[in-house]
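Welcome! Here are a few exercises to work through at your own pace, each with a solution. Take a look at the model first.

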Amino acid sequence: MTATKPVFEIENLYAWFGETPVLKNIQMTTLARQITAVIGPSGCGKSTFIRCLNRLHEVIPAAKASGTVRLDGQDIYAPEMDPVLIRRRVGMVFQKANPFPTMSIYENVASGLRLNGLKNRALLDERVEDSLKKAALWDEVKEVLNRSALVNAFDVEIDDDCLRLIALHQPMARDLRFLTTAMKTSTELERMSDLAENISERALELNEEPELKSVKAYADLRQMARYTQQMVKEALDAFVNRNAELARKVCKDDERVDRLNHQIFHELLALMLEEHHSIAQAVRVTFISKYLERVADHATNVSELVVYLIEGKIIRHTTLPE
């Protein structure tokens, strides 16, 4: 009978956080086609040990490791070994999900595929859907993804239509300004939809956590959301009705959204310093606040485009008169 091939061969493995030793002289071999369980009480170093097997431990400030870890006969700590390639081969599933907070659901799933060279959109869509179904998340998020895909399709269609009109009719003056404004406004709206998707993702995560004690932060966030919704509506009304005065009002209203975002950040920072167990929830609420602030920025961009459309004036990067 053929002997089972070793996958990991671990010799004299030590790990530290700063000057504090966590792992001491670990000797271990894991075999192919077998399940190896590492069992122990909380805080005994299980996760640190696993992080040493794909070189995630070293990304923690002041953390270090020594010893030999061979993966299929190759020392993963050898100078010529690329840690990114090691982490691609040796995955790690955490106790809680760790999505990239600035990425959409789709991009969180697709980012690894893109990094490995997969660019075909149809195949990416298929892999993303399959992965979310296997994780039992598809039914929960498919509506958000479908709406996002619809917005993306509209964005591409508007760009195509505008470019075709420019090529065929060679518009001038106000007609040309209208087409370029429509193209840029479409892009701003597509970015708003991505941010709305991000807000939905953070909200789903917060539903799994106890509510924060900061009543004021939640009240400010609701007010910020109302201001942002109003800005988006008025920016689009200004575009449809060719209303430069309303567009300028939206640009000025951006300041109050910025103030609320700044205020919420400091409220939650104070809470995190006092109650360390609230950090995860507070960070997610901070992200939602930042997403709303970015939506308001995009509404401001649309309003600046409306002023350009109507008056032929570029007011970006300028201070509006009182």
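**Exercise 1.** In which pattern do helices and strands follow one another along the chain?

*Solution.* Reading along the sequence gives β-β-α-β-β-α-α-α-α-α-α-α-α. The chain has nine helices and four strands; these are DSSP runs numbered from the N terminus, with helices being H or I of at least four residues and strands E of at least two. Residues are numbered from 1 along each chain as its sequence is written. The model is predicted, so local features need pLDDT of at least 70 and side-chain atom pairs pLDDT 80 or more, while totals for chains, interfaces and linings use all residues, and side-chain values use heavy atoms, without hydrogens and water.

**Exercise 2.** Set the radius of gyration of the chain beside that of a compact globule of 322 residues.

*Solution.* Start with the globule, for which the value would be near 20 Å. The rule behind it is 2.2 Å times the number of residues to the power 0.38, and the radius is taken over C-alpha atoms. The chain itself has 26 Å. Along the principal axes, its C-alpha atoms fill a box of roughly 80 × 50 × 40 Å.

**Exercise 3.** Work out how α7 (residues 215–241), α8 (residues 244–274) and α9 (residues 279–311) are arranged.

*Solution.* Take the pairs in turn.

1. The axes of α7 and α8 are 9 Å apart, at an angle of about 160°. Axes are lines fitted to C-alpha atoms over the stretch in contact, and angles run from 0 to 180 degrees between N-to-C directions. The angle therefore makes α7 roughly antiparallel to α8 (over 145 degrees; under 35 is roughly parallel). Their contact has 14 nonpolar, five polar and nine charged residues. Here Ala, Val, Leu, Ile, Met, Phe, Trp, Tyr, Cys and Pro count as nonpolar, Asp, Glu, Lys and Arg as charged, and the others, Gly among them, as polar.
2. α8 and α9 pack at about 165°, again with axes 9 Å apart, so α8 is roughly antiparallel to α9. This contact holds 19 nonpolar, five polar and eight charged residues.
3. The axes of α7 and α9 come within 9 Å and cross at roughly 20°, so these two helices are roughly parallel. Their contact has 18 nonpolar, four polar and one charged residues.

**Exercise 4.** Which residues lie closest to the centre of the largest pocket, and which helix gives the most to its lining?

*Solution.* The largest pocket holds about 930 Å³ of space. A pocket is an open set of points on a 1 Å grid over the protein atoms alone where a 1.4 Å probe fits, with protein on both sides within 12 Å along at least five of seven lines; lining residues have an atom within 4 Å of a point. The volume is the space filled by probe spheres set on the points, which are joined across faces, edges and corners. Of the 22 lining residues, G91, M92, F94, N98 and F100 are closest to the centre. α3 (105–115) gives the most, with five residues. By class, the lining has twelve nonpolar, seven polar and three charged residues.

Conventions:
Parallel < 35°, antiparallel > 145°, perpendicular 65-115°, else oblique.
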